[in-house]
Every structure is written in C-alpha cells, then in structure tokens.
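Visitor: I would like to learn how to read a structure feature by feature. Could you take me through one, with the general idea each time and then the case at hand?

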Amino acid sequence: MSLPNIETLDIDGAIREAELAVAGDTRASFFRKAAVGGGAVLGSGAILGMLPTLAHAAPSAKQDIAILNYALTLEYLEAAFYDGAIKSGNLKGEVKQFTQLVLKHENIHVKALKATIKALNGKAVAEPKFNFKGTNTNPAKFVATSLVLENTGVHAYLGQVTRIQNPAILKAAGAILTTEARHAAAIAAVIGKSPFRDGTKTSVTPDGAFDVPFSMKRVLKAVGKTGFIK
Amino acid sequence: MRNGSIVLAIGAASLLSASTAAARTTVTIKDIQFSKATVRVSPGAVVIWKDADRNVSHNVTSRGDDRFASSDTLRSGDSHRVRFRRIGNYRYVCTIHPASMRARIVVR
C-alpha cells in the first residue's frame, strides 16, 4: 500500500471542496475580505499569515470523517511502531515500561477512531503495511524515533482543531492531543538530552509555551519522507 | 649471564605490561545499558565508562555505602574515569534510566 495522501483520506471529498471554494476567490477579493474581516487594514504579511486558517475554514460533517481517517492513519502507524518494538524483545527498564503503556493507548485510539467513523456512517481507511527500518528494534534509535512520532501527533491534532465541526469529535481530539503530548514529554525525559530547556528537539516543550499546529499536507509529507508506510 | 639478564628484563616488562593492562577496564554505555553488570578489579585499578549511545544521555552515579566520584551528564563520545583504591562493593546507576541501567564494581 502506498502512502495515503489527502485524496485517499478525503473519501467524501470534503477537503477538496474546501480548497476549491477558496481557490474560487481571486487573490484581490480574498485580500479585501481578509482585511475587512479583520476590522482594519492589515499588512500583506499578516493577511498571508491568515491564509492557512482561512483556506480550511469550512468545517463539515464530511470533513470531520476525513480528519478522523487522517488521525486513524497516524494512530495505526504509532500502534504498529510500538507493537514491533515490544515484540523485538530488545527494550528494557523504563523504555519498555513506557512502550507498554503507550502501545495500550495507541491501540485504544485506533479502536475509538474506527468506532467513531462507523458511528458517523463513514468508511475507515484500511491499515497500511509498515516498515520501520529497524528504528523500533534498536533501543537508542527507538527512543529518538518515538519522540519524533509523538511530537508529530501533537502537531497533527493541533492542526485540525479549528477544522472540526462536531463538538464531540473536537473534545475527543483534544483528549488524544493531550495524551500524545504526555507521551512526547515522557520519552523526552527518558532520552534526557536537555529535556527541560525550551526549543530543543529533545525538550519536553520543543516549541516553548505554545505548540505549533501542522497542516495535514505537512504532516503527510513528513511521514512520507520516513518511508515507514510501504 | 648477560643473556639471563635480558630474559629477566623482558619477563619483568611483560609482567609489568600485563599488570598495567589488567588495571584498566572499560565499561561501554550503549543501547541504554552498561556493557558489564559486574566488573571485578584489584585495588588501584582504573575503570573508564565510555558513552557510545548516540541519541540518549546518561550518567554514572554512585549508590550505596561504598562511594566513588559520580559523573556529570554524559553524551555520546564522553567518558568518565575513576581509580578504585580501596576494597569495596561499588554500586552505581544511570539516574536517567535507573530501572534498566544498574551495575557494580567489585574491588578485591
């Protein structure tokens, strides 16, 4: 199975609809709307900064399903990563304890997301095949990769909070987001490389006081670069 | 007689060399483990811990009644060196990974 792209996840076409709606705006009229909407004349830099938010500012039930499938794909990946790590038998001590706990959480997330998609009459994406290239069987590589995956989860969920229509889904996404953040902080502490300094890649707060949201495109591109999804 | 002196000298040098080699032991830190759970040495021996873990920080922290100089945080490529002069059972841990990284130096 190839890497799921937005078209794969966007089974009902909700994301494409939103993108087309924005593309229908001329650049000039878009800038006018943004400036009026802001209640003041904004500099072009500020307006461009609003673009990613406005470009996906059309929450809908169909878009909710697409976002749930996107989250499900990330959870499949995390669950498989930790499952392989435990099965390798190479983890010991707190790294093993961390992995056992997190694997349990990721499996629960997968089940919950699949059940939610089904309850909303949506179709859940199938689980891809993975190849983690030894990053989940060597303990030192494992902890570094785990931190990247957990932080990616934080960025990914945060990037969707303004795009979710259903308050129940938003609440669930928030609950998963904070759990992913706890996982990231825990593995950062296990790695022990400047865990309590802001702004380092191995910190418990890599973005300082405010975590940074990533778009779906950005996350899928980053996941694609790993080659973990076959 | 002269030949005998040469043989003796070579023999002494070999013994000295063997003694020096035996007095230095290296414990490698890799894959979030100390390479040797127990190291047995004689008084005066030097133990060197070498951190070879690329992605993870560690330390060597003395525990128990028999103490030695603990290390600062070790990163890949760092090392920590201690000479053990007194007989004892020196337990130590990595305080970042205390569940998986515990070991001891036995000096007898």
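Guide: What follows is a conversation about the two chains, their elements and some of their residues. Please keep in mind throughout that this is a predicted model.

Visitor: Let us begin with the overall layout. How many helices and strands does chain A have, and how many are there in chain B?

Guide: The idea is to list the elements before looking at any residue. Chain A has 9 helices and 0 strands, and from the N terminus on its elements run α-α-α-α-α-α-α-α-α. Chain B, by contrast, has 1 helix and 8 strands, in the sequence pattern α-β-β-β-β-β-β-β-β.

Visitor: What percentage of the residues counts as buried in chain A, and what percentage in chain B?

Guide: Burial is judged residue by residue, and then expressed as a share of the chain. In chain A, 43% of the 230 residues count as buried, while in chain B the share is 37% of 108 residues. The exposed area can be read alongside: chain A exposes about 11,500 Å², with 61% of it supplied by carbon and sulfur atoms, and chain B exposes about 6,300 Å², with 49% supplied by those atoms.

Visitor: Among contacts with a separation of 6 or more, what percentage joins residues 24 or more positions apart in chain A, and what percentage in chain B?

Guide: Here one looks at how far along the sequence the partners of a contact lie. For contacts with a separation of 6 or more, residues 24 or more positions apart account for 76% in chain A and for 52% in chain B.

Visitor: Now to single residues. Is A:S146 buried or exposed, and what does A:S146 touch beyond its sequence neighbours?

Guide: A residue is best read by its element, its accessibility and its contacts together. A:S146 is found in helix α7 of chain A, and it counts as buried because its relative accessible area is 0%, under the 20% limit. Setting aside residues up to four places away in sequence, A:S146 touches A:F81, A:Y82, A:F98 and A:I187.

Visitor: Where does A:L74 lie, and why does A:L74 count as buried?

Guide: A:L74 belongs to helix α5 of chain A, which spans residues 61-88. Its relative accessibility is 11%, so A:L74 counts as buried. With residues up to four places away left out, A:L74 touches A:A156, A:V219 and A:V223. As for a separation in space, the C-alpha atoms of A:L74 and A:N138, which are 64 residues apart along the chain, are separated by 22 Å.

Visitor: Which residues does B:S71 contact, apart from neighbours within four places in sequence?

Guide: B:S71 is in contact with B:N59, B:V60 and B:H80. The residue sits in the loop between β5 (61-63) and β6 of chain B, and B:S71 counts as buried, at 12% relative accessibility.

Visitor: How should I read charged side chains, and how many salt bridges are found over all chains?

Guide: Side chains of opposite charge can pair when their charged atoms come close. A search of the whole structure finds 1 salt bridge over all chains. A:K87 forms a salt bridge with A:D83, and their closest N and O atoms are 2.9 Å apart. Both A:K87 and A:D83 lie in helix α5 of chain A, 4 residues apart, which is about one turn of the helix. A:K87 is exposed, with a relative accessible area of 65%, whereas A:D83 counts as partly exposed at 28%.

Visitor: Which residues form the positive surface patch?

Guide: For a patch, one asks which like charges gather on the surface. The positive surface patch is formed by B:R24, B:K50, B:R81, B:R83 and B:R85. One of these residues, B:R85, has its place in the loop between β6 (79-84) and β7 (88-93) of chain B. B:R85 is exposed, with a relative accessible area of 63%.

Visitor: Finally, the backbone. Which sign does phi have at A:K133 and at A:S194?

Guide: For this feature one looks at the backbone angle and at the residue type together. A:K133 has a positive phi of about 55 degrees although it is not a glycine, and A:K133 is placed in the loop between α6 (93-119) and α7 (139-158) of chain A. A:S194, also a residue other than glycine, has a positive phi near 50 degrees, and A:S194 lies in the loop between α8 (167-191) and α9 (216-226) of chain A.

Technical notes
Residues numbered from 1 in each chain as written. Chains lettered and ligands numbered in written order. Predicted model: local features only at pLDDT ≥ 70, side-chain atom pairs only at ≥ 80, totals over all residues. Heavy atoms only, no water. Patch = residues over 30% accessible without salt bridge, like charges linked within 9 Å, V, L, I, M, F, W, Y side chains within 5 Å. Areas by Shrake-Rupley, 256 points an atom, 1.4 Å probe, with all protein chains shown as cover. Salt bridge = Lys/Arg side-chain N within 4 Å of Asp/Glu carboxyl O. Lys, Arg positive; Asp, Glu negative; His and termini not counted. Charge placed at Lys NZ, Arg CZ, Asp CG, Glu CD. Helix = DSSP H or I, 4+ residues; strand = E, 2+ residues; numbered from the N terminus. Buried < 20%, exposed > 50% of the residue type's maximum accessible area, 1.4 Å probe, protein only. Contact = heavy atoms within 4.5 Å.
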